[in-house]
Amino acid sequence: MSKKTAKKKVAKKKVTKKKVTRKTAARKTAANQAQDYAHEIWLAGLGAFAMAQEEGGKIFKQGTKAIDDTSRKVLGESSKLFDRLVAEGSKLENKGRKLATDTVGGVRGDVESRVDKVRETAQTNWDKLEKVFEQRVARALSRLGVPTSDEINELSKRVAELNKRVADLAKKQDAKPASKAAPKAAPKAAETKSEPEAS
């Protein structure tokens with residue numbers, strides 16, 4: 001029977017420990033839960049920032065690749081066009097220098113205008129890509145609650161203004177005790193002067 005009694009005591013201790021553990025878990029306060037939630041929100045924000053950086057890098061790489069591809073195409077087409085022009089120039093040179101010079105001058109202007117158009121198109125595409133990238137980064141930073149440079153400048157101006165006001169108030173506070181002390185000293189001096197005259 002002693003074994004059964006010992007088993008019952010052990011069982012009671014286990015039940016008691018379980019109750020204590022449950023009570024401890026139940027004592028967890030709302031403040032602790034709020035702190036846990038705040039920490040989870042912080043971690044989610046960090047994760048979002050990391051994802052925004054990664055996506056921005058991908059977009060930048062894609063844009064760079066597109067620009068490189070366009071540049072290669074432009075250079076390839078320019079090379080082909082130039083080769084064609086050289087061949088045409090050789091043919092025309094045989095017919096006459098004057099005719100060849102006029103034709104090459106016209107073709108050269110055409111090539112230059114085409115190259116200029118391609119440059120303008122490439123620049124326009126680059127500008128569009130840059131704007132898209134800036135907008136996406138700005139949106140990601142805004143979602144994370146990162147202040148813009150304009151907001152930081154505004155806050156800096158406010159802080160400077162408040163510092164100036166505090167300094168002005170401090171000067172006024174220092175000036176008030178000095179001005180109050182001066183009138184009190186003046187009546188005492190008048191009292192000491194009036195006493196010898198009365199005697």
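**Exercise 1.** Work out whether leucine 141 is buried, partly exposed or exposed.

*Solution.* Start with the number: leucine 141 has 31% relative accessibility, so it counts as partly exposed. The cut-offs are under 20% relative accessible area for buried and over 50% for exposed, with partly exposed in between (1.4 Å probe, protein chains only). Next, place it: leucine 141 sits in helix 3, residues 97-144 (helices are DSSP runs of H or I, at least four residues, numbered from the N terminus).

Before you go on, note that this is a predicted model, where local features need pLDDT of at least 70, side-chain atom pairs need 80 or more, and totals for chains, interfaces and linings use all residues. Residues are numbered from 1 along each chain as its sequence is written, and side-chain values use heavy atoms, leaving out hydrogens and water.

**Exercise 2.** Find how many aromatic pairs the whole structure has, and describe what turns up.

*Solution.* A search of the whole structure gives one aromatic pair. Phenylalanine 60 and phenylalanine 133 make up this tilted pair, at 6.1 Å centre to centre and 55° between the planes. Ring centres of Phe, Tyr or Trp (its six-membered ring) must lie within 6.5 Å; planes under 30 degrees apart are stacked, over 60 edge-to-face, and the rest tilted. Now locate the partners: phenylalanine 60 is in helix 2 (residues 30-95) and phenylalanine 133 in helix 3, so the pair ties together parts 73 residues apart in sequence. Last, check exposure: phenylalanine 60 is partly exposed at 46%, and phenylalanine 133 is partly exposed at 28%.

Conventions:
Helices (H or I, at least four residues) and strands (E, at least two) are DSSP runs, numbered from the N terminus.
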